[in-house]
Amino acid sequence: MIDLINEIRKKYADFGYDALRDPEKLILLLSYSESGSKAEISAEKISEIYGNLHTAADSDPIFLMKECKISSSSAILLNLISEIKRKSEIDLAIKNRINTVFNAKKFFSAYLRGKNTEYVAAVATDTKFRIKNAAIIAYGGFSEVHVPIRSITDFALKSEGVYIFIAHCHPKESDNPSATDISTTIEISEAIECIGMKLADHIITGIDGAYSLRENKGDIFTTIPDYIIE
């Protein structure tokens, strides 16, 4: 086992991260937090349950410890990978603005990654779609709790934005919107327009990607010419 770990470490040192196969990446990572042959055994168990490193990194650390029989150090280490990637993607999205459907999907996919229940988020932007403020508005989601439309309008006013984006996640389901998602979006759009702002989009993230209501249900929204749909 020690020889295998040394071999993987040398491969990483000589050829870089991309040269490693996914099981090798897991073994290398766990070799710093698990003792002896435990790194290889744990890597096999994680691969069996999750399929790959990045899916495991997005999982709940408590579930990782319980189901994969790994230490708290390993669970935290895996979770840090997801958090670092998430932070990097959020920073990049902020830098590039969320002026396209692609950028909006990318931002909210990163912002809501790793959530184990439904969350509702909102973002306020200026006229050039630069982010002024972002926040979690509610827990539970559109289908499980009443979405606090007043909280969204309060967020919009305090942020002094021009355009408002909302998003929520389906942690264990498809990103397809429900009838409730659509009707609530209409209510939010009307409420935001009453305070002199516009709802730019509603993004739904799920296990299979992200869905833009503006892209697919454009008649809900007031036209915003500068918001590009690829």
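Student: Which residue stands opposite Ile131 in strand E2?

Tutor: In this predicted model, that residue is Thr125. General idea for strands: side chains alternate between the two faces of the sheet when the strand is regular. In our case, E1 covers residues 119-125 and E2 covers residues 131-139, and the two pair in the antiparallel sense over 7 bridges.

Student: What sits between those strands, and which residue there takes a positive phi?

Tutor: The hairpin of E1 and E2 has 5 residues between the strands, and Phe129 is the one to look at, with a positive phi near 65°.

Student: Okay, helices now. How do I read helix H3 by its span?

Tutor: Count residues and use 1.5 Å for each: H3 (residues 38-50) has 13 residues, so it should span 18 Å, and its end C-alpha atoms are indeed 18 Å apart.

Student: And which residues of H3 are buried?

Tutor: Start with the general idea: an α-helix has 3.6 residues a turn, so residues three or four places apart point the same way. Now the case here: Ala39, Ser42, Ala43, Ile46 and Tyr50 are the buried residues of H3. Looking down the axis of H3, you'd find them within an arc of 105°, so they line one face of the helix. Over on the other side of H3, Ile41, Glu44 and Glu48 are exposed. Just after H3 comes Gly51, with a positive phi of about 90°.

Student: Let me try helix H9. How far does it reach?

Tutor: H9 (residues 179-194) has 16 residues and reaches 23 Å from first C-alpha to last, close to the 22 Å expected. Its buried residues are Asp181, Thr184, Thr185, Ile188, Ser189, Ala191 and Ile192. Down the axis of H9, these fall within an arc of 165°, so they too line one face of the helix.

Student: What covers the buried residues of H9, and what does the face turned away from them carry?

Tutor: The cover includes helix H8 (149-159), strand E3 (163-169), strand E4 (198-206) and helix H10 (213-216). The face turned away carries the exposed residues Ala179, Glu190 and Cys194. Just after H9, Gly196 takes a positive phi of about 85°.

Student: Last one: how much space lies in the largest pocket?

Tutor: The general idea is to roll a probe the size of a water molecule over the atoms, which shows where empty space is left. Here the largest pocket holds about 610 Å³ of space. Its lining has 21 residues, and Asp58, Arg113, Gly114, Pro171 and Ile207 lie nearest its centre. Helix H4 (53-57) and E4 are the elements giving two or more residues to that lining.

Notes
Residues are numbered from 1 along each chain as its sequence is written. This is a predicted model: local features need pLDDT of at least 70, side-chain atom pairs count only at pLDDT 80 or more; totals for chains, interfaces and linings use all residues. Side-chain values use heavy atoms; hydrogens and water are left out. Two strands pair if DSSP finds at least two bridges between them. Helices (H or I, at least four residues) and strands (E, at least two) are DSSP runs, numbered from the N terminus. The expected span of a helix is 1.5 Å times one less than its number of residues. Buried means under 20% relative accessible area, exposed over 50%, partly exposed in between (1.4 Å probe, protein chains only). The arc is that of the directions from the helix axis to the C-beta atoms. Contact means heavy atoms within 4.5 Å. On a 1 Å grid over the protein atoms alone, a cavity is a set of points where a 1.4 Å probe fits but cannot get out, and a pocket is an open set with protein on both sides within 12 Å along at least five of seven lines; lining residues have an atom within 4 Å of a point. Grid points are joined across faces, edges and corners, and a volume is the space filled by probe spheres set on the points.
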